[in-house]
There are 2 protein chains.
Amino acid sequence: MKFGLFGGAIAKRGDKSPDSQGYGRLIELVQEAEGLGFHSVFLVEHHFTGAGQVSATLNLLTYLAAKTERIRLGTAVTVLPWHDPVLLAEQAATLDLLSRGRLDFGIGKGYRDVEFASFRIPKDEALARYEESLALIVKSWTSDERFDHDGRYWQYSDIVVEPPVLQKPHPPLWTGAGTDESIARVAESGLNVLFDQFAGFGRTEERLLVWRAACARAGRAFDPMQVALARAVAITDGAREYAAAVEARERRTAGMVRAYGALPGLQGSQPASYADAGRASDALIGDPDVVLRRMRELRAMGFEYVLMLLPDDAATLRRFAREIMPELQGEGAPAA
Amino acid sequence: MKFGLFGGAIAKRGDKSPDSQGYGRLIELVQEAEGLGFHSVFLVEHHFTGAGQVSATLNLLTYLAAKTERIRLGTAVTVLPWHDPVLLAEQAATLDLLSRGRLDFGIGKGYRDVEFASFRIPKDEALARYEESLALIVKSWTSDERFDHDGRYWQYSDIVVEPPVLQKPHPPLWTGAGTDESIARVAESGLNVLFDQFAGFGRTEERLLVWRAACARAGRAFDPMQVALARAVAITDGAREYAAAVEARERRTAGMVRAYGALPGLQGSQPASYADAGRASDALIGDPDVVLRRMRELRAMGFEYVLMLLPDDAATLRRFAREIMPELQGEGAPAA
C-alpha cells in the first residue's frame with residue numbers, strides 16, 4: 001500500500017499569530033511526511049469561506065515543490081468553473097515543470113452553493129463549464145501547434161500555452177466521484193478517481209466494485225494507484241483518547257455540514273464506545289492494532305492507496321509512519 | 001544605491017534539455033543574487049509567445065520565495081485585464097504570506113496587440129479593466145468585511161478574500177510609465193513607478209524630473225526607493241568584448257521589436273565604438289570604470305534603485321556585485 005495526505009491549512013484575516021493549522025505548520029508537516037515515506041499530499045481549494053481555507057492552491061503547492069524532493073503534489077480539488085482555463089493550464093504546467101513532474105491535478109465542477117453564488121456562476125452551468133475547461137486544459141498542455149478556441153464560456157485566438165508540462169502527455173488528472181453513475185463516468189473518461197473521507201466502509205467497498213466493473217466495461221486496466229481513498233485517521237491509546245478522538249472527528253464533520261451543507265458520501269457517526277472501535281464507520285480511529293486492522297480491511301477490498309486526512313500535529317504522522325505503514329507497505333494486494 | 005534584477009526565463013515546448021535561460025538557471029541566478037546583495041528580482045509575465053516566456057509569474061515567484069530568504073519578489077508586470085481580479089488577489093496574497101512580506105506587485109494594462117487579440121479582449125477596454133481590477137484587488141486585500149462587487153467587467157457577491165496579505169495595508173504596487181502624462185498619473189495614484197530599460201539617459205533624467213514635480217504637486221514625498229529604473233548592464237574587458245556586447249544588446253532589442261512591435265521608450269542604439277562607450281545610450285555597457293561612471297550619472301540624476309536586466313550567466317552578476325556595487329552602495333544621493 002501507499003499513503004498520501006489530504007487537507008489544507010488555515011490563514012485567517014486578523015490572526016495576529018499563525019495558529020497550529022497555519023501555512024507554516026502545513027509546510028513543516030509535508031516536509032516531515034516526505035521523510036516518513038508518504039507518497040503525496042493533496043490540498044483543498046476554497047474561496048471566500050471566512051475561515052481562512054487555502055484558496056491559491058497551485059501557488060501553495062509550488063512553494064511546497066521547492067521545499068520537497070519526492071512527494072507528489074496534488075489538488076483536491078481545483079474547481080474548474082471558477083478559473084480561466086488557459087491561465088490555469090499555465091499555472092499547473094509551471095508547477096509540473098518546477099516540481100520535476102510531481103503534479104497530480106485534481107479537478108471538480110464544484111458543489112458548494114455559496115461559492116457559485118459568490119462567483120455569480122449559475123450552478124446549472126457547472127457541468128458544461130467543467131467539460132469545456134477540461135478539454136481546453138488538456139489541449140493547452142498537449143498542443144505544440146497554435147489553435148483557436150471558440151467555446152461557450154471561453155474564447156481565445158491563435159494561442160500556444162507555455163511552459164510545457166513535464167509529465168507526458170500531461171499530469172495525471174483526478175476527480176471525485178460518489179454515485180455509481182459518476183464513478184462509471186470517471187472510469188470511462190480515463191481520469192483517476194478520488195473517493196471521499198465520509199462514506200462508510202460498506203459504501204466504500206461498493207464504490208470500488210463499481211469502479212472495477214466500469215473499468216472492465218471501458219477496456220481500462222484496473223490500476224489500484226489510480227484510486228485514492230481519503231480517510232481520517234486517529235491513533236489513540238486506550239478508551240479516554242478514543243472517546244476524545246471520536247468527539248473531535250464528529251465535531252469537525254458537524255462543523256463542515258453546518259458551514260457548507262450536506263457533504264457527499266456522509267454516513268452516520270463513529271462507534272462511540274472503545275469496545276466498538278473498528279466497527280463500521282468512516283474514519284480509522286483506535287489503538288494502533290485497530291487502525292492496522294481497518295487498513296487491512298481496505299487493502300482486502302482492493303484499495304492500495306489511502307490519503308490520510310492531515311492531522312494537526314506531526315506526532316500522529318510519525319506514529320502512523322512507524323507503527324502502521326511498515327506493516328502494510330510490504331503486503332501486496334490480494335489476487336483480483 | 002540599491003540594485004535589483006529584472007527579466008524572465010525561457011521554457012520552450014519541445015526543448016529536450018533546459019537551456020541556459022531555463023527556469024532552473026533563473027532560480028540559481030536569483031539564489032546567487034541574494035547572496036551577492038541584490039535587493040529584488042522583478043519577473044515579466046507574457047502569454048502565448050511561442051518563445052517560452054514566463055506566464056505564471058506569481059507561481060514562479062512563489063517557488064523562488066521558498067528558495068530565498070531576503071530578496072524581494074516582484075512582477076513586472078502582471079497585466080490586469082487578463083486575470084480574474086479576486087483569484088489574482090488570492091494568489092498574490094498567498095505569495096506575500098509565504099514570502100513573509102516580500103511581494104512587490106507590478107501591474108499594467110497591457111500593450112502587446114497580439115495578447116489582446118489572443119485573449120479576445122478589445123484593447124480599448126484595457127484602461128477600464130485595469131482600473132476596475134486594481135480597485136477590486138486593493139479592496140480584496142484590505143477588507144475584513146464581506147462585500148459585493150458589481151463592476152462592468154467582474155461581479156461577485158458576499159466575498160471576503162483570503163489568505164490575508166502580510167504587508168499592511170497591502171504589498172507595494174508598481175507600474176510602468178513612459179510619457180509625462182502617465183508618469184504624473186502614477187505619481188498621483190500613489191503607486192510606485194518602473195522606468196523602462198530602453199529610454200536613453202536624457203529622457204530617463206526628464207522622467208525623474210516629471211515624477212518629482214508630480215509628487216510635489218500631489219503632496220507626495222519623494223522616495224527614491226519608489227522609483228525603479230530598469231537597465232541592461234554588460235561589463236566588458238577591452239574593445240573586442242565591448243563590440244560583442246553592443247552587438248548582442250542590439251540583436252536582442254531588434255528581436256523584441258520584431259516580435260512585439262514598438263517598445264515603449266526605445267531610443268536609438270548603443271555607441272558602436274569602444275572609445276565612445278559611456279556616451280548617450282540606454283544600456284550600461286563597457287569596462288568596469290565605464291559602467292561605474294554611468295551608474296554614478298544615474299545616481300546624480302536622483303536614481304537610487306536600478307534593476308539590472310538579468311544576465312545569462314552568474315559571472316556578470318558576480319562582477320557587478322564585486323566591482324560596481326560596493327563603490328555605489330556607500331554613496332548617498334546628492335541633496336535634492
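The paragraphs below lead through the interface between two protein chains and then through some unusual points of the backbone, all in a predicted model.

The contact between the chains is a good place to begin. In this model, 54 residues of chain B are in contact with 54 residues of chain A. The size of an interface is often given as the accessible area lost when the parts come together. For chain B and chain A that buried area is about 4500 Å², with 51% of it on carbon and sulfur atoms.

Polar and charged interactions also cross this boundary. Between chain B and chain A the count is four salt bridges, and one of them joins the side chains of B:Asp144 and A:Arg13, with an N to O distance of 2.7 Å. Across the interface of chain B and chain A, 36 residue pairs are found in polar contact, both residues of each pair being at pLDDT 80 or more. On the side of chain B that touches chain A, at least two residues each are supplied by helix 1 (23-36), helix 2 (57-67), helix 3 (85-98), helix 4 (113-119), helix 5 (126-142), strand 6 (147-150) and strand 7 of chain B. Helix 2 of chain B gives the largest share of that side, eight residues. Sorted by class, the side of chain B that touches chain A holds 25 nonpolar, 18 polar and 11 charged residues.

The backbone deserves separate attention. Most residues other than glycine have a negative phi, and most peptide bonds are trans. Against that background, chain B contains a cis peptide bond that joins B:Ala76 and B:Val77, with omega about 0°; B:Val77 lies in the loop between strand 3 (72-75) and strand 4 (78-79) of chain B. The peptide bond from B:Glu162 to B:Pro163 is likewise cis, with omega near 0°, and B:Pro163 is placed in the loop between strand 7 (155-159) and strand 8 (173-176) of chain B.

In chain A, the points to inspect concern phi. A:Arg120, although not a glycine, has a positive phi of about 50°, and this residue sits in the loop between helix 4 (113-119) and helix 5 (126-142) of chain A. Because its relative accessibility is 34%, A:Arg120 counts as partly exposed. A:Asp158, also not a glycine, has a positive phi of about 55°, but A:Asp158 is found in strand 7 (residues 155-159) of chain A. With a relative accessible area of 42%, A:Asp158 is partly exposed.

Definitions and conventions: Residues are numbered from 1 along each chain as its sequence is written. Chains are lettered from A and ligands numbered from 1 in the order in which they are written. This is a predicted model: local features need pLDDT of at least 70, side-chain atom pairs count only at pLDDT 80 or more; totals for chains, interfaces and linings use all residues. Side-chain values use heavy atoms; hydrogens and water are left out. Helices (H or I, at least four residues) and strands (E, at least two) are DSSP runs, numbered from the N terminus. Buried means under 20% relative accessible area, exposed over 50%, partly exposed in between (1.4 Å probe, protein chains only). Contact means heavy atoms within 4.5 Å. Buried area is the accessible area (1.4 Å probe) that two parts lose on being put together, summed over both. A polar contact is a pair of N or O atoms within 3.5 Å; within protein, one must be able to donate a hydrogen and the other to accept it, and residues adjacent in sequence count only if both atoms are side-chain atoms. Ala, Val, Leu, Ile, Met, Phe, Trp, Tyr, Cys and Pro count as nonpolar, Asp, Glu, Lys and Arg as charged, and the others, Gly among them, as polar.
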